[in-house]
Amino acid sequence: MKNVELLPQAGRFYKANLHSHTVLSDGKLTPEQSKEAYMEHGYSIIAYTDHRYYGWHPELCDENFVALAGFEVDLNSPFPEDGSYDRVKTYHLNFYDTDPLARGGFEVHNPEFAYSDICALNRYVADMKKQDFLACYNHPYWSLQNYDDYKELDGFDFMEIYNHGCEIDGLYGWNPQSYDEILRTGRHLGCVATDDNHNFTPFEDPYCDSFGGFTMLKMEKLTYADAIDALKKGNYYASTGPEIHSLVLEDGAVHVKCSPCDKIYMITEGRRTQSVMAKNGKLESEAVFKLDGKEGYIRIECRDTQGGRACSRAYFLSEFED
């Protein structure tokens, strides 16, 4: 098995919110207000993903901030006769523009085919990929979806393993089971943590949906191109608090360094997990997990004493065979 820096040592981590809404759809902040608030909380990147609206805000980009161009579309199952949305299943998908300067604008076409037409949905995603967008599958738990809804989805670059707005809304935020179930179909995709913020309440309110889920991108420098490159190459991890400092595959073992946590887990395609746990009140910030090559894929979760998690994307060991 090759020695590999699963997260590159070079560069630095930049904090990103990859799902946000503004007054251009159903959010309450302007793009400028969102930038200001998030920068005050240590963020350097926001993907503006307003509903059915292509958000490209080059005026917000500077040496300290990158505004990623994007949008969110939806596809709903049939509504009941009373028109209630309460039990309507839905696909919500984010798309990130890899090169908005070259594109010069984009008109969003929301999916108009039947909810049950997975082939049409996959063609829609494939068409967006051909147009050089990255695709993210959003919040399956909140969307009332199960394995039958996502087992045949194709072409996604990532899915939301955590969505803070959904967690605030009804404890629907965490989606690790959906992530593993998709991975076990053999599909390779990463995982991100996002806010999906709409800001209906003030920042100090416990129902505020900002600053809860974020993705840390490892980049040489803070530019639009570097952010897209990090997303394409998988040089990131998802978090609600803890930090992953280093992740290396060396001499047949995964070496993890992180902020002090009480649990560090290596999750695999099957049941054979490995873990390091705090003992006698002494937190752990390192772990070494020996591999035998039968794990299928591996992913790392680090949990702190407040219940926060840092989650690496999945790495399929077939990628690292000699």
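**Entry 1: burial and overall form**

I count a residue as buried when its relative accessible area is under 20%, and as exposed when it is over 50%, with partly exposed in between. I am working on a predicted model, so I keep that in mind throughout. By that cut-off, 54% of the 322 residues of the protein chain are buried.

Next I looked up the overall dimensions. The radius of gyration is 19 Å, which agrees with the value near 20 Å for a compact globule of 322 residues. Along the principal axes, the C-alpha atoms fill a box of roughly 55 × 40 × 40 Å. I read off an exposed area of about 14500 Å² for the protein chain, with carbon and sulfur atoms supplying 48% of it.

For the contacts, I took residues at least 6 apart in sequence: 65% of their contacts join residues at least 24 apart. The chain holds seven helices and 18 strands.

**Entry 2: strand E17 and its neighbours**

I then went to strand E17, residues 309-312. Which residues cover its two faces? Arg309 and Cys311 sit on one side, Ala310 and Ser312 on the other, and all are buried.

E17 has an antiparallel partner in strand E10 (residues 236-239), joined to it by three bridges; here I found serine 239 opposite alanine 310. Strand E16 (residues 297-303) also runs antiparallel to E17, again with three bridges, and arginine 303 stands opposite arginine 309. E16 and E17 make a hairpin with five residues between them, and glycine 307 in the turn has a positive phi of about 90°.

**Entry 3: cysteines**

I searched the whole structure for disulfides and found zero. Why does cysteine 302 have no bond to cysteine 258? Their sulfurs are 4.0 Å apart, too far for a bond, and cysteine 258 holds the closest cysteine sulfur. Cysteine 311 is in no disulfide either; its nearest cysteine sulfur, in cysteine 191, is 5.8 Å away. I also checked burial: cysteine 302 is buried at a relative accessible area of 0%, and cysteine 311 is buried at 1%.

**Entry 4: helix H6**

Is helix H6 (residues 176-183) enclosed or open? Seven of its eight residues are buried, so I note it as largely enclosed by the rest of the structure. The buried ones are Pro176, Ser178, Tyr179, Asp180, Glu181, Ile182 and Leu183. Asp180 turned up again in a salt-bridge network with Arg299, Glu301, Arg303 and Arg309.

**Entry 5: salt bridges**

My count came to 16 salt bridges, and I went through three pairs.

- Arginine 87 and aspartate 86 form a salt bridge with their closest N and O atoms 3.9 Å apart. Arginine 87 is exposed at 75% relative accessibility, and aspartate 86 is exposed at 59%.
- Lysine 89 and aspartate 149 meet at 2.9 Å, N to O. The pair links distant parts of the chain, 60 residues apart: lysine 89 is in the loop between strands E4 and E5, aspartate 149 in helix H4. Lysine 89 is partly exposed at 24%, whereas aspartate 149 is buried at 7%.
- Aspartate 292 and arginine 272 meet at 3.2 Å, N to O. Aspartate 292 lies in the loop between E15 and E16 and arginine 272 in the loop between E13 and E14, so the pair ties together parts that are 20 residues apart in sequence. Aspartate 292 is partly exposed at 43%, and arginine 272 is partly exposed at 45%.

Key
Residues numbered from 1 in each chain as written. Predicted model: local features only at pLDDT ≥ 70, side-chain atom pairs only at ≥ 80, totals over all residues. Heavy atoms only, no water. Disulfide = S-S within 2.5 Å. Buried < 20%, exposed > 50% of the residue type's maximum accessible area, 1.4 Å probe, protein only. Helix = DSSP H or I, 4+ residues; strand = E, 2+ residues; numbered from the N terminus. Pairing = 2+ DSSP bridges. Rg over C-alpha atoms; globule rule 2.2 N^0.38 Å. Contact = heavy atoms within 4.5 Å. Areas by Shrake-Rupley, 256 points an atom, 1.4 Å probe, with all protein chains shown as cover. Salt bridge = Lys/Arg side-chain N within 4 Å of Asp/Glu carboxyl O.
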